[in-house]
Amino acid sequence: MELAVLSKDERHRVGESQPLPECYLGVSADELDGRISAAQAALGERLVILGHHYQRDEVFKFADCSGDSFKLAKAAAERSTAEFIVFCGVHFMAESADVLSAPHQKVILPDLAAGCSMADMAAPDELETCWRELEELGVTDVVPVTYMNSAAGIKAFCGREGGVVCTSSNAAATLRWAWARGERILFLPDQHLGRNTAYGMGVPLDAMVVWDPHQPMGGLRLDEVMGAKLILWKGHCSVHTRFSVTQIEQLRRTEPEVRVIVHPECTWDVVQAADASGSTEAIIRQIRESAVGSVWAVGTEIHLVNRLAAQVAPDRLVLTLDGLGCLCSTMFRVSPNHLCWILESLLDGEVHNQVVVPDDQKRWTRVALDRMLSIQ
Ligand code: SF4
């Protein structure tokens, strides 16, 4: 199969990185470091590199600003002098940056195959079908809420239908906002973030149902939907659902002092078994502010855990919950080779891999994001 002719979605499915010009293959790490630094310096103020916490170190070290997806999207909007925003992250993040950035700015994703398996679990046409089927059931008092980790088409739908975007940091406030405007919420694409957040707000599990987009009427009966406060889209993160209660129990046996902190994209039973849960920024903050010598087991992507252990909190013991690997393979596709190619091309006047959200989607995505920003 010739990868060069595959679309972005097809590359996501076959699990391949975007092919590079041959001269960018087989280059030593030292040479790549030198060439990236030189190109970054030559581009100066025209360039800002954003790095998500889950990026590999060889790429992350070049970031002018690091953070979670929302912090980075806001950073993109604030760097209005930069002509090029190179987003070392995944596709939905670059889309949000494009929506929030100024018209003269170009948002670039170093590897267009860097998608997100969770975002791919909710396609705009599936959401349109879900909405229509709910209407056919007579269920119209629904407010759609989408996690930041979704395609621009999903965010735009939420903006158009009176809904909103949320992040893992503000999910509870966002759900409160939505329940003030409708009897029930359709939350997508991550069922676990929705369930964990609502449960933490006191909503019982039996007031939540799961909508399976691959089944007629989501696989639900009318009485099930009518009895629900929260309709959860059947989506998940393939990295965070790797963590298990068994892993937590084993660690508590070998490290009795351990405090377990996990991301709310983990399953409900894992969040219940942990000592704390929170967004990537909250995890970093809590460990950074913990006592010297404390022991932590972290349930999130391995690059962040390793960085916490080595750089953020070297005088605490920071362990991963999953010793067999919890790598986000799509984040990993952004390689220093891709970054070098992108930057050197910019110096030559060539823009590769620009991510552009169509104007109609941009307008409604902006509405959904602005609503989120207005929620205290
Ligand atoms: S960690 Fe999960 S939600 Fe985040 S980009 Fe990877 S697959 Fe998507």
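Here are three short exercises on a predicted model, each with a worked solution.

**Exercise 1. Overall build**

Work out how many helices and strands the chain has, and how its radius of gyration fits its length.

*Solution.* Start with the secondary structure: the chain holds 16 helices and 13 strands. Next, take the radius of gyration, which is 21 Å; the globule rule gives 21 Å for 376 residues, so the chain is as compact as a globular protein of that length. For the outline, the C-alpha trace spans about 60 × 55 × 45 Å along its principal axes. Then look inside: 49% of the 376 residues count as buried. Finally, turn to contacts between residues at least 6 apart in sequence: 67% of them join residues at least 24 apart.

**Exercise 2. Domains**

Find the domains of the chain, and describe how domain 1 and domain 3 touch.

*Solution.* First, mark the bounds: domain 1 covers 3–115 + 330–357, domain 2 covers 119–237, and domain 3 covers 240–320. Now set domain 1 against domain 3: their C-alpha centres are 29 Å apart. Eight residues from domain 1 and six residues from domain 3 make up the contact. On the domain 1 side, sort the residues by class, and you get one nonpolar, three polar and four charged.

**Exercise 3. The ligand shell**

Identify the residues closest to the ligand, and sort its shell by class.

*Solution.* Begin by counting: the ligand is surrounded by 13 residues. The closest are Cys116, Met118, Cys237, Val239 and Cys328. Sorted by class, the shell contains eight nonpolar residues, four polar ones and one charged one.

Conventions:
Residues are numbered from 1 along each chain as its sequence is written. This is a predicted model: local features need pLDDT of at least 70, side-chain atom pairs count only at pLDDT 80 or more; totals for chains, interfaces and linings use all residues. A residue is near a molecule or strand if its C-beta atom, placed from the backbone, lies within 6 Å of it. Ala, Val, Leu, Ile, Met, Phe, Trp, Tyr, Cys and Pro count as nonpolar, Asp, Glu, Lys and Arg as charged, and the others, Gly among them, as polar. Helices (H or I, at least four residues) and strands (E, at least two) are DSSP runs, numbered from the N terminus. The radius of gyration is taken over C-alpha atoms; the globule rule is 2.2 Å times the number of residues to the power 0.38. A residue is buried if 20 or more other C-beta atoms lie within 10 Å of its own, exposed if 12 or fewer, and partly exposed in between; C-beta atoms are placed from the backbone. Two residues are in contact if their C-beta atoms, placed from the backbone, lie within 7 Å. Domain bounds come from an automatic or database domain assignment.
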